[in-house]
Amino acid sequence: MKKVIIGMGTCGMSAGAQQVYDRMQEILSENPGTFALSRTGCIGMCYREPLLEVREGDRRTIYGQVTPETAAGIFDSHVVKGKVFDGNVVYSLDGKGGDGGTEADFLRQQKRIVLRNCGTIDPESIDEYEAAGGYRALEKALRGMTPEKIVEEVKASGLRGRGGAGFPTGLKWSFAASYKADRKYVVCNADEGDPGAFMDRSVLESDPHAVLEGMIICGKAIGSDFGYIYCRAEYPMAIRRLNIAIEAARGKGYLGKDILGTGFNFDIKIKQGAGAFVCGEETALFASIEGQRGMPRIRPPFPAEKGLWQKPTNNNNVETYANVPWIISNGAAAFAAFGTEKSRGTKVFALAGKVVHGGLAEVPMGTTIHDLVFNIGGGIKAGRKFKAVQMGGPSGGCIPVELDNTPVDFESIPATGAIMGSGGMVVLDDTACMVEMARFFLDFTQSESCGKCTFCRIGTLRMLEILARIVGGEGESGDIEKLQELGRQIKEASLCGLGQTAPNPVLSTIRFYRNEYEAHIAEKRCPSSACSALVDFKINPEKCTGCTICAKNCPVNAISGKPKQTHVIDNSVCVKCGKCITSCNFDAVYKS
Amino acid sequence: MITTAGREENFNYRLWRYDGAPGELIPLLQSAQDHFGYVPRKAINYIAGVTGVPESEVYGVITFYSQFRLQPMGKYVIRACDGTACHVSGSRMIIDTIEDELGIEVGGTTEDGIFTLNTVACIGCCSLAPVIMINDETHGQLTPASVRKLLRELRRREKAAGQKAAAG
């Protein structure tokens, strides 16, 4: 029987997947027994959501941008008559190894280890996870491997922490394993706070069991019997599916006492974050689990010795744990075969911004930025010019188009002044002002600073003030040097990763786009026409209806024009407040 | 969706069940907010009494985390995304427009208690940028004009419902 599967991750839902699902359910109740209806997580093609798949054995046809109406069309044509519904096919597999569809390139160039089950199984069904090979690695680890052997295997795979710092995972595990204690903890950091990053959310929503399995194996390796998943409260669907997964795993004896009859005990509890970016820092995260304000503490002692509740703790992020079952099942050598010499395996990236194919892509380490943006991402929206990618979110930096042959790995990216980060990759086109980008990120870290270290708390504020002056057209000579000096001091004098990396966006944009800073300061000009205070406001005569609302809203009477005739802005009077743009009902006002 | 009665029971039950286990402060505050829509003075009182954590410290935790609110929210909670992808797609203009249309600033609630405006770092629908969420509904690819239209439509709907209630 044919199976109709609907992609129901957060991005699918916000594009209308629920309506499509409801319509399909209606059709099914009118035509009982004609097909089986199911759901899956994120396929990664966010730009084509909502996605609907018709599966028949190995044959898969994925339709994109499905509405309740097209869903009905797909039923009539594909499900009933066996004829592929025209127009919406984005990807298809013929079951004999061939593929097709308009978006085949997007998937063909990826190597999916972490995302192996994302978009193919129902995340709320443990049976489907098992059928896809799930919990086989756990069985292998518990029955056939000693804790030392597990640690060795993870070490040999070359897996490094996917949360951003890239610390070798096997080594981390061996530290936690080496301490003796009555209790040890396995912590999963799912507090994915970088704006523009949503890899972990998709994995939790689409394949929660993979993360649980990785954590249980880690528990065996380091000698722990309890794990916490610290998940953002902003991810309600991820939390719901994790809860379902934990219940199901307990029911099947993968969690709880005497797992698989081996005498090993392990259980997992979810802790919801309450909205604090700094809690992505591990010692702050522990403080938050303990019920306190999420503030970092001094290391050493490192978490492997004294972590959560002062007990030896191993903390990795979602993607790192999701890699573990694959490594145990397929062997360290198979994993190490991907990637570069020092960065093995794959990495998931969240492509966003001005790229045509925004979504999730998993590629071997060492793939170049150019390949990611153009071959997988499909290039720049609206045919504009590629300017830079911003990597690593507010802790990261911008990599300019001139360096777009940089391979993504833990050595090459930091060499440019950016960081790998957790995998957010925001593509910028020539309309982006780099000074304004730097101000934007600093604004974020400044308000998320927990306030413990003076340099981070006050230093970022001083930097932000200077940047606000520059984009406001009041920059002074010497500002750039002041920013660099402050940035250096903040990096050196902050306790945790937040402060140590907060100046990165500013420093990296000064490094590559110093001329833009200088244009703002010396010529009071924004080369990308983005900073309101430094550009002219104009009215598009083709869109203007002469409704007079902009003239009425203008605080300095800079707009003139008769009713029902095109209005004109006098830029010698204009104070660039932007009221005309926000008040126009026809989007006729623009900046140039 | 849990009913109001269910949630009330949940908060009371959670307080009652508290056995001194460490690390329960944040979950207790979350369930208070689930129930009341914000953390009222009284809830701080109760939680402090039951857990033995001083009220000042409870308050410190509440104000540290952006999830917790000390004021009730409007009927429609607007969460305007100002994540990176939305930012480069002009989210600032969208937020300015909402502030102007509703006459409130980010973090504020309209006098009639209908709208509350907050910003969030990322909703995760970057391909629909710029995006806002109004309660649980996501609206994407907005322009100043389209967001104004959206808000006016909601206002009209509220006004009509109010008149109907007054007449009926």
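1. Let's start where the two chains meet. In this predicted model, the contact draws on 43 residues from chain A and 35 residues from chain B. On the chain B side, five helices each supply at least two residues that touch chain A: α2 (25-36), α4 (55-64), α5 (84-88), α6 (91-102) and α7 (144-167). What kinds of residue make up the side of chain B that touches chain A? They divide into 18 nonpolar, 13 polar and four charged.

2. Now take chain B by itself. Chain B has seven helices and four strands, and if you walk along its sequence you meet them in the pattern α-α-α-α-β-α-α-β-β-β-α. The C-alpha trace of chain B spans about 55 × 45 × 25 Å along its principal axes. Of the 168 residues in chain B, 35% count as buried.

3. Chain B is also divided into domains. The assignment gives domain 1 (4-64) and domain 2 (76-167) of chain B, and the C-alpha centres of these two domains are separated by 30 Å. How much of the contact in chain B comes from residues 24 or more positions apart? Among contacts with a separation of 6 or more, such pairs account for 60%.

4. Chain A has a longer list of domains to follow. The assignment gives domain 1 (3-108), domain 2 (126-335), domain 3 (346-429), domain 4 (434-522) and domain 5 (536-591). To get a feeling for the layout, try finding domain 2 and domain 5 of chain A in the viewer: their C-alpha centres lie 55 Å apart.

5. Next, have a look at a sheet in chain A. Five strands form an open sheet in the order β13-β12-β16-β14-β15, with mixed pairing. Which strands sit at the edges? They are β13 (359-364) and β15 (397-400) of chain A, each of which pairs on one side only. Direction ignored, neighbouring strands of this sheet are turned by 30 degrees against each other on average. As a reminder, strands of a sheet pair through backbone hydrogen bonds, either parallel or antiparallel.

6. One pair in that sheet is worth following residue by residue. Strand β12 (residues 346-353) of chain A runs antiparallel to β13(A), and six bridges join the two. For an example, find A:Val348 in the structure: its bridge partner in β13(A) is A:Glu362.

7. Then there is the nonpolar interior. The largest nonpolar core has 212 residues, and those with the most contacts inside it are A:Val211, A:Ile217 and A:Val389. Helix α10 (residues 208-222) of chain A gives the most to this core, with nine residues. What does A:Val211 touch, leaving aside its neighbours within four places in sequence? Its contacts are A:Cys188, A:Val203, A:Leu204, A:Val318, A:Tyr321 and A:Ala322. Another core, of 13 residues, lies apart from the largest one; among its members are A:Cys550, A:Cys554, A:Ile581 and A:Val589.

8. Three of those contacts of A:Val211, namely A:Val318, A:Tyr321 and A:Ala322, bring us to helix α13(A), where they are listed among the buried residues. Why is helix α13 (residues 318-330) of chain A described as largely enclosed by the rest of the structure? Because eleven of its 13 residues are buried. The buried residues include A:Glu319, A:Asn323, A:Pro325 and A:Trp326 as well. Just after α13(A) comes A:Gly331, which takes a positive phi of about 95 degrees.

9. Two cis peptide bonds deserve a look in chain A. One joins A:Glu49 and A:Pro50, with omega about -5 degrees; A:Pro50 is in the loop between β2 (36-40) and β3 (52-56) of chain A. Another joins A:Pro300 and A:Pro301, with omega about 5 degrees, and A:Pro301 is in the loop between α12 (282-289) and β11 (313-317) of chain A.

10. Finally, check two residues that have a positive phi without being glycine. A:Leu260 has a phi of about 55 degrees and is found in the loop between β9 (256-259) and β10 (264-272) of chain A. Its 14 C-beta neighbours inside 10 Å make A:Leu260 count as partly exposed. For A:Lys576, phi is near 60 degrees, and the residue lies in the loop between β19 (568-569) and α23 (579-583) of chain A. A:Lys576 is partly exposed, with 18 other C-beta atoms within 10 Å.

Key
Residues are numbered from 1 along each chain as its sequence is written. Chains are lettered from A and ligands numbered from 1 in the order in which they are written. This is a predicted model: local features need pLDDT of at least 70, side-chain atom pairs count only at pLDDT 80 or more; totals for chains, interfaces and linings use all residues. Two residues are in contact if their C-beta atoms, placed from the backbone, lie within 7 Å. Ala, Val, Leu, Ile, Met, Phe, Trp, Tyr, Cys and Pro count as nonpolar, Asp, Glu, Lys and Arg as charged, and the others, Gly among them, as polar. Domain bounds come from an automatic or database domain assignment. A residue is buried if 20 or more other C-beta atoms lie within 10 Å of its own, exposed if 12 or fewer, and partly exposed in between; C-beta atoms are placed from the backbone. Two strands pair if DSSP finds at least two bridges between them. Axes are lines fitted to C-alpha atoms, for helices over the stretch in contact, and angles run from 0 to 180 degrees between N-to-C directions. A nonpolar core is a set of buried Ala, Val, Leu, Ile, Met, Phe, Trp, Tyr and Cys residues joined through C-beta atoms within 7 Å.
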